[in-house]
Amino acid sequence: MAETHVTKVGIVGIGFIGSDHLHRLTKTIANVDVTAVCDIVPGKAQKELDRQGLTAHDYLDYHDLVNDPDVDVVVCTANNEAHYEIVMAALKAGKFTFCEKPLALDAKQCLDIIAEEKKYGKRMLQVGFMRHYAPEYVQMKQMIDEGKIGAPLMIDERHYNQTQPEEYDSSRSIIETAIHEIDLDHWLINDDYANIRVFSPKQTKYVQNAKIQDPMIVMMETKTGINIIIEVFVRCQYGYDIKCDVIGEEGVLELPTVPQVATRLNAEYSTAILTDWKARFESAYDIEFRDFIDHVSQEESPVGPSAWDGYIAAVTADAAITSLNDKGTTQDLSFPEAPALYAEK
Ligand SMILES: NC(=O)c1ccc[n+]([C@@H]2O[C@H](COP(=O)([O-])OP(=O)(O)OC[C@H]3O[C@@H](n4cnc5c(N)ncnc54)[C@H](O)[C@@H]3O)[C@@H](O)[C@H]2O)c1
Ligand SMILES: O[C@H]1[C@H](O)[C@@H](O)[C@H](O)[C@@H](O)[C@H]1O
């Protein structure tokens, strides 16, 4: 019998999603050994290893992890600010890399990463835009491609978090929250964005500091004139609520939520609303990592969202931040041709 190849993974940043991916890579995805972890906070990664009953080399400095010969593949789940340096180091070390979204803080950093990746003449990196793997979005895209609802005319979306920490500011609402829809929508409807603007409705009383506009409304128009509205509200209080309606000439596609058991009790009928992304997109993360590992374990380039997707999202997000800071003015968008490396196969 042929020997099974085990892919050795190192994870940098053992916070909320790093812990979740650690569990996924050791318990759900086959033929992976998480050989190393790293967190800048001393003891944090080891504590999580202990909690999950795992052993791995625990590094404090990500340079040591990316250069460890016992690490074939780097997974970056550190905070947004650290993505650029960690991804650049991993690429320089010649490692296949998975980076959580956003790829970097802005378009300029994304271009640097692309330049580094291009040196290999093949894709080395995948960005964690996991909604491309969520079965419900995949089905929506297929139905749009098949012309089920005719030409799409509008998209109506909601991205609500129950709450976010006090330091979460407007820029994070765009580059960390709205970035999911910004990345997803042009893929869903096969169109490019022509412009973006960000409106500032009345602030929620749950905003503790002046650094965030919450809620905000992100409006995009595509080249063919499709209008997209994304309500971003990161302290909605009641739950994690993701909505996506695509309105077409013949009908509407509606994103389903994760089914919850309904309760009939005390003259009330109710169903729970999930409170975070872990449960809402669990299957998407699993499928995403299965696909990523399937490819890189064979020394093949990953085929999921690329550094170019990260760049397109960053250009759009940069313009959204400009609009927000400039009283909601419309910011025109234009995108260069994708380099051959990223051209759709
Ligand atoms: N795809 C998704 O749906 C999804 C969901 C959650 C988070 N994320 C992304 O994942 C990233 C992490 O989010 P989180 O909620 O887990 O944050 P977090 O703050 O809980 O975890 C980040 C961890 O990285 C560590 N860290 C920061 N800089 C580091 C460095 N230079 N070297 C080593 N460790 C470092 C921090 O100490 C922390 O433990 C963010 O970029 C976020 O956008 C994506
Ligand atoms: O607003 C949050 C999103 O709803 C999640 O899906 C994650 O991406 C997280 O990082 C964001 O802070």
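Which of the 24 residues around ligand 1 come nearest? Select ligand 1 and its surroundings: G13, G15, F16, A78 and E100 are the ones that come nearest, a residue being near a molecule if its C-beta atom, placed from the backbone, lies within 6 Å of it.

This is a predicted model, in which local features need pLDDT of at least 70 and side-chain atom pairs count only at pLDDT 80 or more, while totals for chains, interfaces and linings use all residues. Residues are numbered from 1 along each chain as its sequence is written, and chains are lettered from A and ligands numbered from 1 in the order in which they are written.

**The ligand shell**

Colour the shell around ligand 1 by class: 12 residues are nonpolar, 7 polar and 5 charged. Here Ala, Val, Leu, Ile, Met, Phe, Trp, Tyr, Cys and Pro count as nonpolar, Asp, Glu, Lys and Arg as charged, and the others, Gly among them, as polar. Next, select α1 (16–28) and α4, each of which supplies at least two residues of this shell. The largest share, 3 residues, comes from α1. Helices (H or I, at least four residues) and strands (E, at least two) are DSSP runs, numbered from the N terminus.

**The parallel sheet**

Now display the 6 strands of the open sheet, which follow the order β3-β2-β1-β4-β5-β6 with parallel pairing; two strands pair if DSSP finds at least two bridges between them. β3 (57–59) and β6 (125–127) stand at the edges with a single partner strand each, so one side of each is left without a neighbour in the sheet. On average, neighbouring strands are turned by 20° against each other, direction ignored.

Zoom in on β1 (residues 7–12) and β2 (residues 32–38), which pair in the parallel sense over 6 bridges. Within this pair, V9 stands opposite V34 in β2. Then add α4 (residues 80–92), which packs on the sheet and touches β1, β4 (73–76), β5 (96–99) and β6. The direction of α4 makes about 165° with that of β5; axes are lines fitted to C-alpha atoms, for helices over the stretch in contact, and angles run from 0 to 180 degrees between N-to-C directions.

**The two domains**

Finally, colour domain 1 (7–130 + 282–306) and domain 2 (132–276 + 310–343) separately; the bounds come from an automatic or database domain assignment. Their C-alpha centres lie 25 Å apart. Where they meet, 24 residues of domain 1 are in contact with 18 residues of domain 2 (C-beta atoms, placed from the backbone, within 7 Å). On the domain 1 side, α5 (107–118) and α9 (282–296) each supply at least two residues, and that side divides into 14 nonpolar, 4 polar and 6 charged residues.

How values were computed. Two residues are in contact if their C-beta atoms, placed from the backbone, lie within 7 Å.
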